Amino acid sequence: MAIGSGLSGQFGGKAESTYGTAVTVDRFWEFTSESIEPDVATIDIKGIRAGSRIQRTDRTARIVRGYAGSIELPVLNKNMGLLFQHALGGDTITTITGSARRHTCTPDSLAQQGKMLTIQMGKPSVDGTVQPFTYNGGKITGFEVMCSVDEPLMATFDFDFKGATTATALASASYVATQEGFYWPQAAVTVAGSTFYAKGFKCKYTPNLSVDRRFLGNTKKEPLAGGFATIEGELDAEFESLTEYANFIAGTQQALVITFTTATFITGSTPFVFKLSVPKANWMNAAPTVGDTGILKLTLPFRGEDDGSNAPITITLDNADTSA
């Protein structure tokens, strides 16, 4: 018996070896909300029949074509590599020093092909039963990271699933010990290598996977890249000078780096780090406007582009995790 509210919810996952073949989840994350629902189609046959003008009950079918939704969670200093690896495709792990490891997550050449997850959400009913919803064939179809003044670093992952069941037993949730979050005072923002005073940021990566690979017999195959991936985001700032406006007008592309560094250490004097890097941010607007008597605000939407040399987006995680 558990508390019959969202307080008893849980989120677990594990990588699959074969697309759509569910495995028992053994990794768990704290989360703030989820919105996974079935993709349902109702198919009606509207044959003309003398004397009948209401849809017949034996001429309609309900088809579940898959499942999709988002999961929002805080970005913590441990146990995040698996999600970002499946969101981008690659996770290269190197040793910094001693037990400290660096996870460098970048888009891979196969566009996440072969990266599948089984996800289990525990959804509590009011009678205190945590109902297990186990989703197989999970592909991350996009993610967004964001933070503003007075807020923690958060992430939202978008999922597409092949199928689901409520018959798999609820896994016993266990969490990594001594985790902590990343917060706005720990953030440093640089543009073209120089300090930039941002009030907030968000950045979204969308791999543009074809999730509609459905076939007769209601078979669904693994989503593959079906178009250009996109990197989009924005910085919120104050209007300090004409620099950003001039860069926007000139189409100047600049390196954007946002780094969160904790006061606690992995080992010795090596801190935990979350870093987002976009080597070529193309500013899509930087025009200040006067809306009231206050300090002029400046919103800088950007698009990440590929320079043919550097990864167009990189998530770097410094922690002690030896695997994704």
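No disulfides are found in this structure, the count being zero, and the coordinates come from a predicted model. A disulfide is a covalent bond joining the sulfur atoms of two cysteines, and the positions of Cys147 and Cys203 help to show what stands in the way here. The closest cysteine sulfur to that of Cys147 belongs to Cys203, and at 13 Å it is too far away for a bond. For a disulfide to be counted, the two sulfur atoms would have to lie within 2.5 Å. Seen from the other side, Cys203 likewise takes part in no disulfide, and its nearest cysteine sulfur is that of Cys147, 13 Å away. Both residues are shielded from solvent by the cut-off used: Cys147 counts as buried at 5% relative accessibility, and Cys203 is buried with a relative accessible area of 1%.

The strands around these cysteines offer a helpful next stop. Strand S9, which spans residues 130-148, pairs with strand S14, residues 198-206, in the antiparallel sense, and six bridges connect the two. Within this pairing, Phe143 has Tyr205 of S14 as its bridge partner. S14 also pairs with strand S19, residues 230-238, again in the antiparallel sense and over eight bridges. Here Lys202 stands opposite Glu234 in S19. S14 is thus paired with S9 as well as with S19.

Attention can now turn to helix H1, which covers residues 81-88. Eight of its eight residues are buried, so the helix is largely enclosed by the rest of the structure. The buried set consists of Gly81, Leu82, Leu83, Phe84, Gln85, His86, Ala87 and Leu88. Just after H1 comes Gly89, whose phi is positive, at about 115 degrees.

A look at the open spaces of the model completes the picture. The largest pocket has a volume of about 260 Å³. Its lining comprises 19 residues, and those nearest the centre are Val191, Thr195, Phe196, Thr243 and Glu244. Two or more lining residues are given by each of strand S13 (194-195), S19, helix H2 (243-250) and strand S22 (297-304). Among the elements, H2 gives the most to this lining, with three residues. S19 therefore has two roles in this account, as it pairs with S14 and also contributes to the lining of the largest pocket, by the DSSP assignment of strands. In terms of residue class, the lining of the largest pocket has nine nonpolar, seven polar and three charged residues.

Note on methods: Residues numbered from 1 in each chain as written. Predicted model: local features only at pLDDT ≥ 70, side-chain atom pairs only at ≥ 80, totals over all residues. Heavy atoms only, no water. Pairing = 2+ DSSP bridges. Helix = DSSP H or I, 4+ residues; strand = E, 2+ residues; numbered from the N terminus. Buried < 20%, exposed > 50% of the residue type's maximum accessible area, 1.4 Å probe, protein only. 1 Å grid on protein atoms, 1.4 Å probe; cavity = no way out; pocket = protein on both sides within 12 Å on 5 of 7 lines; lining within 4 Å. Points joined across faces, edges and corners; volume = space filled by probe spheres on them. Nonpolar A, V, L, I, M, F, W, Y, C, P; charged D, E, K, R; others polar.
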